[in-house]
Amino acid sequence: MSGEPGCAAILLAAGTSSRMGAGRHKLLLPLAGRPLVQHSVEAILRSQARPLVIVLGHRAEEVRAALGDYAAHPAIELVVNPAYAQGMSTSLRCGLQALQARTARLGEPAPAGALIFLGDQPFVSAALIDRLIAHWRSAGRRIVAPSAGGRRGNPVLFASDLFSELEQVAGDEGGRRVLERHRAELALVEVEEALAFHDVDTWESYQTALHAQSGEGEEHAPQP
């Protein structure tokens with residue numbers, strides 16, 4: 001809605017898929033007739049989150065190709081993290097810097113927050129994304145995350161005044177340390193979707209995803 005703070009999205013899609021085995025790249029695996037990485041992109045584009053920064057790294061050109069027409073979507077900014085092997089924190093930093101560079105280059109309003117997504121969670125829905133954004137706007141908290149059965153999940157929304165702290169995170173983690181530091185400012189949104197936090201990071205978890213998607217229709221975001 002006009003006048004409300006904007007919320008961007010950063011999709012971390014640079015990892016090596018080391019737990020998948022057999023040289024497979026999880027983001028390229030087919031799910032419901034399209035590459036797994038497209039599921040997150042489609043959900044984000046159906047939501048209120050704008051713009052979307054996608055951080056590539058491992059086998060970047062293959063992942064870019066798997067995005068299809070989405071790679072040229074005007075709301076999407078693609079960036080390659082050359083230091084992806086040094087851990088998730090480098091991709092988070094790369095995404096935040098690309099977001100800020102885009103807003104400066106295009107003269108877009110600076111977002112008041114950003115949702116941090118993991119590329120291997122194909123069951124995060126647009127409805128959940130919009131619920132997180134709505135709760136952030138109404139609750140006045142600097143961090144908002146989904147929760148199911150007492151388990152906190154992803155994506156996590158961080159207010160923009162935490163971006164500088166997120167850029168200082170090191171190692172193979174995302175915003176967990178910043179979240180712990182500001183736990184009093186965390187608001188949780190309870191969700192009922194059983195698969196909302198399902199990570200496709202092993203061959204077994206991929207089989208679970210295939211089983212969950214079999215026979216189910218799904219709304220697609222319009223192609224640019």
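Helices and strands here are DSSP runs, numbered from the N terminus. The model is predicted.

**Exercise 1. Place His198 and decide whether it is buried or exposed.**

Step 1. His198 sits in the loop between β10 (186–190) and α7 (203–213).
Step 2. Buried means under 20% relative accessible area. His198 has 16% relative accessibility, so it counts as buried.
Step 3. Check its polar partner. The His198 side chain reaches the backbone oxygen of Ser205 at 2.8 Å.
Step 4. List contacts beyond four places in sequence. Among them are Asp120, Phe123 and Thr208.

**Exercise 2. Find which parts the salt bridge between Lys26 and Asp120 ties together.**

Step 1. Take the closest N and O atoms of Lys26 and Asp120: they are 2.8 Å apart. The salt-bridge cut-off is 4 Å.
Step 2. Locate both ends. Lys26 lies in the loop between β1 (7–13) and β2 (30–31), and Asp120 in the loop between β6 (113–118) and α4 (126–139), so the pair ties together parts 94 residues apart in sequence.
Step 3. Test burial. Lys26 is buried at 16% relative accessibility. Asp120 is buried too, with a relative accessible area of 8%.

**Exercise 3. Trace the salt bridge of Arg105 with Glu77.**

Step 1. The closest N and O atoms of Arg105 and Glu77 are 3.0 Å apart.
Step 2. Arg105 belongs to helix α3 (residues 88–106) and Glu77 to strand β5 (residues 76–80), so the pair ties together parts 28 residues apart in sequence.
Step 3. Arg105 is exposed, at 52%. Glu77 is buried, at 14%.
Step 4. Extend the search. Glu77, Arg102, Arg105 and Glu108 form a network of salt bridges.

How values were computed: Residues numbered from 1 in each chain as written. Predicted model: local features only at pLDDT ≥ 70, side-chain atom pairs only at ≥ 80, totals over all residues. Heavy atoms only, no water. Helix = DSSP H or I, 4+ residues; strand = E, 2+ residues; numbered from the N terminus. Buried < 20%, exposed > 50% of the residue type's maximum accessible area, 1.4 Å probe, protein only. Polar contact = N/O pair within 3.5 Å; in protein donor to acceptor, adjacent residues only side chain to side chain. Contact = heavy atoms within 4.5 Å. Salt bridge = Lys/Arg side-chain N within 4 Å of Asp/Glu carboxyl O.
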